[in-house]
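Visitor: I'm new to this one, so could you take me through a single part of it, slowly? I'd like a close look at the place where the two domains meet.

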Amino acid sequence: MGELSRRGALRAGAIAGLGLGAAGAGVLPAAAEPDEVESPPARRGKSMIGVPFQRMDAPRFGIIGLGNRGASMLPLLLAVPNARVTALCDTRADVVRKAAKVVTDAGQPQPAQYSGGEEEYRKLCQRSDVDFVYVATPWEWHVPMSVEAMRGGKHVGVECPMGITVRDLWELVDTSEQTRKHCIQLENCVYGRNEMRVLRMAHAGKFGQLLHGAGAYLHDLRELLFSKTYYANQWRRKWHTRLDGDHYPTHGLGPVAAYMDIHRGDRLARITAMSTPALGLAEYRAAHMPAGDETWRERYVKGDVTQSLIQTERGRVIHVVHGVSGPHPYSRLNHLAGTKGVFEDYPPRIYLEPDASDHQWDPFDNYKSFDHWLWTDVGPGPGGHGGMDYIMLWRLVQCMRLGLPPDLDVYDSAATNAPFPLTVTSIRRGGAPVAVPDFTRGNWKTPHAGPDSPKP
C-alpha cells in the first residue's frame with residue numbers, strides 16, 4: 001500500500017509512530033506496560049470460543065493488499081471450490097486491474113475494484129457482497145483494517161503479525177467479541193504436513209507428557225529487504241530501524257501452541273527474550289549498496305537473532321527464534337519433546353519409545369499413518385509453500401460453508417502474536433520476564449475444536 005489520505009496517515013501515526021510509506025526511522029510504542037498486561041480490560045462482548053461461522057454455500061472474499069503475499073494467495077483462493085472473490089483493493093490501480101483479470105480468467109465475475117487512499121478500503125469493508133476480508137498489507141495497517149472489516153459486518157483474516165502492540169491485540173479481541181465476527185491470524189505453518197502429523201501424534205499420546213517445543217522463523221531476507229521493488233516503499237526493512245524484538249513469531253510458535261493445546265487446557269504465561277547485536281544488515285549494505293544510497297541514512301536496531309523462552313501455565317517451555325538478516329538456510333525448527341520421545345524438523349527425524357532403539361533417530365516417514373485428513377483427502381492442491389497455503393484456505397472455506405467454528409480463533413491469534421511487543425519490552429528490560437496477557441479472560445481451560453478437528 002502506498003500513499004494514504006492525511007487522516008489515514010494520522011491513524012497510522014497513532015499506532016505506529018509514522019505514516020505509511022514514511023522514510024524516517026520513527027519510534028514505535030513499546031509493548032504495554034505491566035499493568036496493562038496483567039489487568040485485561042473489562043469484557044464488553046461475549047466470548048468467541050466455539051462460535052461457528054454462519055453457514056453459507058459460497059463464501060465471498062474481499063482482499064486488501066495485492067503485493068507479494070496478496071497476489072500469490074489470490075489464485076490459490078480462486079482454486080478452492082465454492083470460494084468467490086468479489087472485491088479487491090490496493091493503493092495501486094494497475095495492481096488492482098491485474099488482480100481483477102486473474103479473477104475473471106478463473107471464470108468468476110468481475111470483482112469490485114478499489115484503489116487509492118484510506119476511504120477505498122473502507123468502501124470494500126462496507127460492501128454487502130463480502131463475507132470475509134483478507135488483509136495482506138504492511139503491518140501497521142493490519143489492526144485498523146481488521147477493525148473496520150469487523151465493524152462492517154465481515155469476518156477477517158490477517159497476515160502476520162496480526163498486531164504490533166498489546167493494546168492492538170486487545171482491540172482486535174474486544175472488537176471481535178462486540179461485533180460477533182471472527183478475527184483470525186492466517187497462520188499457514190499450522191497447516192504444514194509435518195506440523196499436522198506431529199499434532200495428531202501428540203494428541204494420540206505418542207510423545208507422552210509434553211515438556212518443551214521450539215519454533216522459529218529463520219530466513220535470509222537480506223537481498224529482498226534491500227530490493228527497491230520487492231516490498232512497496234521498502235517498508236519491511238524499515239521495521240529493523242524501529243524495534244528490537246521478534247517481529248514475526250507466529251510461524252514458529254503457532255504449530256507448537258497447537259501441539260500443546262494452548263487455550264484448550266494450557267496458556268502462554270510469561271516470556272523472556274534476548275537479542276544479538278544488529279550487524280547483518282549494515283554489513284550487507286556495505287557490500288551491496290552504492291555510496292549515497294538512501295539506506296545509508298538508516299540505523300538498524302533489530303538484533304540479527306532474537307531468542308525467547310515462553311513458559312506455559314502448566315510449566316512447559318517453548319523456545320522461539322527469529323532471524324532474517326544473516327546467512328541462515330530457511331528453518332522453522334519445529335521441535336517437540338515429551339516423556340516418551342522427541343521430533344526434530346529440518347530435516348525431519350523422530351525418536352519415540354518403545355519404537356526407537358540404540359539411541360538412533362528413525363525416519364519420520366515411518367509415521368505416515370498419522371497424516372492429517374486434510375493432507376490425505378485434500379492434498380496440497382495448487383501449492384503455496386508446499387501446499388500449506390492452499391490447505392489453510394480450503395479449510396477456512398469449509399468451515400464457513402458447513403457453519404463450523406474456525407480452527408484458530410481471535411484468542412489463539414492474539415496470544416501467538418503477543419511475543420512481538422512482549423519481546424521488545426523484555427529486551428529493553430535486560431531479558432526480564434514479562435507476563436503474557438490471558439486474552440481468553442480466564443477461559444483457557446475450555447475444551448473446543450482446534451486444527452486437529454475431525455473430518456466433518
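Guide: Start with the two centres: taken over C-alpha atoms, those of domain 1 and domain 2 lie 26 Å apart. Domain 1 covers 60-185, while domain 2 is made of 189-370 + 410-435; these bounds come from an automatic or database domain assignment. Where they touch, domain 1 puts in 20 residues and domain 2 puts in 20 residues, with contact taken as heavy atoms within 4.5 Å.

A quick word on what you're looking at. This is a predicted model, where local features need pLDDT of at least 70 and side-chain atom pairs count only at pLDDT 80 or more, while totals for chains, interfaces and linings use all residues. Residues are numbered from 1 along each chain as its sequence is written, and side-chain values use heavy atoms, with hydrogens and water left out.

Back to the meeting place. The size of an interface is often given as the accessible area lost when the parts come together. Here about 1,800 Å² is buried between domain 1 and domain 2, and carbon and sulfur atoms give 70% of that. (Buried area is the accessible area, with a 1.4 Å probe, that two parts lose on being put together, summed over both.) Look for N68, W139 and I164 in domain 1: they lose the most area to domain 2, together 34% of what that side buries.

What about charges and polar pairs? Between domain 1 and domain 2 there are 0 salt bridges, a salt bridge being a side-chain nitrogen of Lys or Arg within 4 Å of a carboxyl oxygen of Asp or Glu. There are, though, 5 residue pairs in polar contact between domain 1 and domain 2, both residues at pLDDT 80 or more. A polar contact is a pair of N or O atoms within 3.5 Å; within protein, one must be able to donate a hydrogen and the other to accept it, and residues adjacent in sequence count only if both atoms are side-chain atoms.

Now for the pieces that do the touching. On the side of domain 1 that faces this contact with domain 2, α7 (166-179) and β6 (183-185) each supply at least two residues. α7 gives the most, with 6 residues. Helices (H or I, at least four residues) and strands (E, at least two) are DSSP runs, numbered from the N terminus. Sorted by class, that side of domain 1 has 12 nonpolar, 5 polar and 3 charged residues. For the sorting, Ala, Val, Leu, Ile, Met, Phe, Trp, Tyr, Cys and Pro count as nonpolar, Asp, Glu, Lys and Arg as charged, and the others, Gly among them, as polar.

While you're by α7, find P161 in the loop between β5 (155-158) and α7. The peptide bond from C160 to P161 is cis, with omega near 0°.

Stepping back, the protein has 16 helices and 15 strands, and the whole structure holds 30 salt bridges. One of them joins the side chains of D105 and K101 (2.7 Å, N to O). Both residues sit in helix α4 (residues 93-105), 4 residues apart, about one turn of the helix.
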